[in-house]
Amino acid sequence: MNFILQGIDWIFDPARWSGPGDMQSRILEQLAYTFGAVAIAAIIAIPLGLLIGHTGKGRDLAVSLSGGLRALPSLGLLIIFALLIGIGFKAPLLAFVILAIPPVLSGAYAGIEAVDKRTVDAARAMGMTEWQVLTKVEVPLGAPLIVAGIRSGILQVVATATLAYFASGGALGVYINDGLATRNYVELLGASIVVTALALILEGIFALAQRLIVPRGVTAGQVKDVRSRPVRSRATVGSPIQEGK
Amino acid sequence: MNWVANNLGLVWSLTLIQVALAIPPIILGFVISLPLGWLANRFRVTRGALLTISGLLYTIPSLPLFIALPAIIGTGILDPVNVIVGLTIYAVALMVRQTADALASVDPDTKQAATAMGFSGWSRFWKVEFPLAGPVLLAGLRVVSVSTVSLVSIGSVIGVTSLGYLFLNGLQRDIPGEVISGIVATLVIAIVFDLILVGIGRLLMPWTRADRRAGRRHARRLPVAAVGA
């Protein structure tokens, strides 16, 4: 525990917060990687996820793709990009985009899939076009899971962005590199505490945002008792429900 | 690719080390989260507490966790135990929720029928609830296995040798083939582990083969989350 107190002292050392390469800029670099990578991943993965969730096509491919990407070791991915496209911020950013795609993609298609198919059929029966069904029914109702996917993407990248220093890409890992090189355990611990605090703060903010973003109608219909499970029949998209047969 | 041909022995021995570091967290995570998951499913109070704690533990990035563990549990900084304990924490964090969901997925009517047939609480758990929760448990275990295998290599940063050594050494010596062989070996381990888990599932739960649709419905409940470095 003594080490942890020393680590906290290290963080609040005034020298840490001034001059070139100070703590503020390291934290900003870490956040820039996080939001940059997740934004790019969202631009790619959310339309794809919505398409898969809405049409039900390519679902198996998406599942195995996101599972396979998940097995990729982040460190190896980052280093191979650093070797192939050179050091700097591009290699880590590319690696982080690839890391962020699986959670964002699976959140998007799981969100759409989780929408009660009877609701979708009702929307269609009311004369909504497919685009209206997607944007006015499926996306709002699937929003909790879509946001959860983005949230876990952010969480993953904010943690992994520490490794950017392997490609000389800055961020908080620079302190870890220093600490390892000089065998300074207190510095290692201090940097670790900052990274962890950053992750916890972002998680907190997003947990709150997730609550605010969910339409009121969705929570109103939710089952409060976590142990009971609604029995939901699934109608197939695009084909009539065969009732009474 | 010349490098790979000349260093197959090294890659193989590092692969074995990676496997040895990945197996204990997966098994320990499963065993530890069974009682915790049961508690989380059984009582409302413990559910909130356990799921919040496991959610927070899951949020801690792995590299900082590996660095901080020696200060908390008093191990040496280069001790592989740090990596095993750290990965076990993630496995438990993931599996507690999954175990609670798995036990909740058992049809209450089935449980009541078991009680009516004279099962005691203990034997009803092991003979009825646990097997029926199997498919959902297996789905969680597969996620744990994949993420554990890929996270082991982060340990190399703090000096716990594994396939991550190939990444760091390949970076220093500028040999892309070395880094790629490390990535491929990690993927192969993850796939083999997954096949083994699926195989065990088929052996122990033969009924899931007939009941594919139910299995698929459970598979959808996979956690969206994954741990970063």
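Which residues are buried in H4(A)? In this predicted model, the list runs through Ser74(A), Leu75(A), Gly76(A), Leu77(A), Leu78(A), Ile79(A), Ile80(A), Phe81(A), Ala82(A) and Leu83(A). That is 10 of the 12 residues of the helix, so H4(A) is largely enclosed by the rest of the structure.

What do these buried residues pack against? Part of the answer sits in chain A itself, with H5 and H7. The other part comes from across the chain boundary, where helix H8 (164-173) and helix H9 (176-204) of chain B also pack against the buried residues of H4(A). The length of the helix works out as well: at 1.5 Å a residue, 12 residues should span 16 Å, and the end C-alpha atoms of H4(A) are indeed 16 Å apart. Just past the end of H4(A) comes Gly86(A), with a positive phi of about 95°.

Zooming out to the two chains, 44 residues of chain A are in contact with 37 residues of chain B. On the chain A side, the elements giving two or more residues are helix H1 (2-11), helix H3 (59-71), helix H4 (74-85), helix H5 (90-113), helix H7 (130-160) and helix H9 (185-213). Sorted by class, this side of chain A has 29 nonpolar, 12 polar and three charged residues. H4 thus turns up twice in the picture: among the elements that touch chain B, and as a helix whose buried residues pack against helices of both chains.

Now for the partner. Chain B has 11 helices and zero strands, and reading along its sequence gives the pattern α-α-α-α-α-α-α-α-α-α-α. Its C-alpha trace spans about 65 × 40 × 25 Å along the principal axes. Of the 229 residues in chain B, 47% are buried. What share of its contacts join residues at least 24 apart? Counting contacts between residues at least 6 apart in sequence, the figure for chain B is 72%.

Back in chain A, helix H7 also holds Trp131(A). Is this tryptophan buried or exposed? With 9 other C-beta atoms within 10 Å, Trp131(A) is exposed, because a residue counts as exposed when there are 12 or fewer such atoms. Along the chain, Trp131(A) and His54(A) are 77 residues apart, yet their C-alpha atoms are separated by 9.8 Å. So helix H7 of chain A contains an exposed tryptophan, while H7 is also one of the helices that the buried residues of H4(A) pack against.

Methods:
Residues numbered from 1 in each chain as written. Chains lettered and ligands numbered in written order. Predicted model: local features only at pLDDT ≥ 70, side-chain atom pairs only at ≥ 80, totals over all residues. Contact = placed C-beta atoms within 7 Å. Helix = DSSP H or I, 4+ residues; strand = E, 2+ residues; numbered from the N terminus. Nonpolar A, V, L, I, M, F, W, Y, C, P; charged D, E, K, R; others polar. Buried ≥ 20, exposed ≤ 12 C-beta atoms within 10 Å, placed from the backbone. Expected span 1.5 Å × (residues − 1).
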